[in-house]
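Here are a few notes to read with the model open beside you. Take them one at a time and find each spot on screen as you go.

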Amino acid sequence: MRLSVIGCGYVGLVTGACLAEAGHEVVCTDIDGERIAKLNAGGVPIYEHHLDQILASAHKAGKISYTADAGQAIRSGDAIFICVGTPPKDSGEADLSAIDNVARQIAAEAKSPKLVVEKSTVPARTGLELSRALAAYSKKSDVKFRVASNPEFLREGTAVADFFHPDRIVVGVEDPSSAAELREIYRPILERSFRCPVHNGTCPPGRKAEFLVTTINSAELIKHASNSFLALKISYANVIADLCEKIGANVEEVTHAMGLDARIGGQFLKAGLGYGGFCFPKDVQAFIHLSASVGVDFDILKATERVNKQRIDRFFEKIRQALWVVKGKRVAVLGLAFKANTDDIRFAPALEVVKRLLEEGAVVHATDPEGMPRTKALFPQVHYHEDAYQALQDADAALVCTEWDVFRKLDWDRAGKLMARKLVIDGRNLYMPQGMREKGFEYYSFGRD
Ligand code: UGA
């Protein structure tokens, strides 16, 4: 099928690349001309595992193209995926102005009927507004639009694998023909009839994705409800970790046992510095805002948010307790990205840690496999190192902020010889407390002795 993707950020680029790899003809557009130029030159503007490989193969097969001309992209597709940003306003409410702009463009440029699919994360009822906007902006033409919601459940870092092996594909529609069209778009994935780039074409047998057809409002709510529930799980685990510290229990023993109950599940129960990124913080806020706007007080989500913000305070309590005076101390920050396997630093807990360290007068040396270029622009006063051991040289403390595998595998015997003081404060519970102490380290983590 011929598809258009508007917005070449994380969601748009992964969606476009994967749909092209699955066999469709995809035209991508973005208001950022530089981004389009880079893509046309064979570059990849974001770091995402497997993305470079599938963009290259889709490009070679002539399945994907990029244009800065939104009109051309809009006219070329039978279905148009809207993948633009919905950042939070100061109030926490999602800013939908980019969606509105795209609606105006689609209405102005389309010459034939289109299925307009919202993939951007939006509050419930946005689809209805989008329908109204398309009708209002296209009053002078007789082009008909159908609107659908198709929320994405892609995690940064594993987005390509998530796209090809989803648990569920949710489509919120107004009419059966839209559901049928979306089913056809996702058929290669539902039937696994594509050459999977993640597993070199031989996917392990696994559960097939469920294709769920719902109303547009439900589809929109499913996305917010899912992300908020995962955020709630993390905050729950973090409170358990605080409790474990007071009581003398081990959070990993507790959450592991909890997770074995199939009704609870073991994922997203990892305690530490809390959640960050461009999804959970803004989606929780937007969901609280949406609920309040219809008179529903989503108190548990407010608590989720509060607990998450307090993680940085808890980390600083540990830092102060261990270091006593922070001013003038040389600290190595291991990890800047909001999680491992991404270069994304948006709302990363590590950045809040760096900000506070600088405010308190620490000398900050930082390292991250992918997150440094973006962080440099925000904190030019930090000393950046490609190599973790260089960051640890002469450090009074190592602060672990992101769960990268390279940090998990660090040779702490070697690092200990380089550091001024053998002190590790681990915000991601990467190491065994006993093992670190046997190596002669003062070691602090979350919810474990
Ligand atoms: C999240 C969801 O997992 C996706 O399903 C969703 O599609 C996406 O948001 C989105 O809305 O676009 P993502 O933001 O990439 O994906 O990150 P996650 O892997 O969910 O992690 C979020 C944060 O929670 C990270 O900072 C991570 O370090 C933290 N986390 C995760 C914990 O602190 N503990 C855990 O047990 C798990």
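1. Let's start with empty space. The largest cavity has a volume of about 40 Å³. Keep in mind as you look that this is a predicted model. Around the largest cavity you'll find Glu118, Ser120, Thr121, Val122, Ser149, Asn150, Pro151, Glu220 and Lys223. Sorted by type, that lining has 2 nonpolar, 4 polar and 3 charged residues.

2. How many cavities of 30 Å³ or more are there? The count is 2. For the second largest cavity, the volume also comes out at about 40 Å³. Its lining is made of Phe164, His165, Pro166, Ile189, Leu190, Arg192, Arg207, Lys208 and Ala209. Here the split is 5 nonpolar, 1 polar and 3 charged.

3. On to the aromatic rings. A pair of rings is described by how far apart the centres are and by the angle between the planes. Searching the whole structure turns up 10 aromatic pairs. Take phenylalanine 163 and phenylalanine 164: the ring centres are 6.1 Å apart and the planes meet at 75°, so this pair is edge-to-face. An angle over 60 degrees is what earns that label.

4. Are those two phenylalanines buried or exposed? Phenylalanine 163 has a relative accessible area of 6%, so it counts as buried. Phenylalanine 164 is buried too, with a relative accessible area of 0%. The cut-off for buried is under 20%. You've met Phe164 before, by the way: it is one of the residues lining the second largest cavity.

5. Now try tyrosine 275 and phenylalanine 280. Their ring centres lie 5.9 Å apart with the planes at 80°, so this is an edge-to-face pair as well. Both tyrosine 275 and phenylalanine 280 are buried.

6. Rings can also join up in a group. Which residues do ring pairs link into a cluster? They are Trp412, Tyr431, Phe441 and Tyr443.

7. Have a look at two arginines next. Arginine 104 has its charged end over the ring of tyrosine 137, at 4.2 Å from the ring centre. Arginine 356 does this with phenylalanine 316: the charged end sits over the ring, 5.6 Å from its centre.

8. Last stop, the ligand. It is surrounded by 21 residues, and the closest are Glu152, Glu156, Lys223, Asn227 and Lys270. Lys223 should ring a bell, as it is also in the lining of the largest cavity.

9. Zoom in on the oxygen atoms of the ligand and check the protein backbone beside them. A ligand oxygen is 2.8 Å from a polar backbone atom of lysine 270. For phenylalanine 338, the distance from a polar backbone atom to a ligand oxygen is 2.9 Å. At phenylalanine 153, a polar backbone atom lies 3.4 Å from an oxygen of the ligand.

Conventions. Residues numbered from 1 in each chain as written. Predicted model: local features only at pLDDT ≥ 70, side-chain atom pairs only at ≥ 80, totals over all residues. Heavy atoms only, no water. Phe/Tyr/Trp six-rings, centres within 6.5 Å; stacked < 30°, edge-to-face > 60°. Buried < 20%, exposed > 50% of the residue type's maximum accessible area, 1.4 Å probe, protein only. Lys NZ or Arg CZ within 6 Å of the ring centre and 35° of its normal. 1 Å grid on protein atoms, 1.4 Å probe; cavity = no way out; pocket = protein on both sides within 12 Å on 5 of 7 lines; lining within 4 Å. Points joined across faces, edges and corners; volume = space filled by probe spheres on them. Nonpolar A, V, L, I, M, F, W, Y, C, P; charged D, E, K, R; others polar. Near = heavy atom within 4 Å. Polar contact = N/O pair within 3.5 Å; in protein donor to acceptor, adjacent residues only side chain to side chain.
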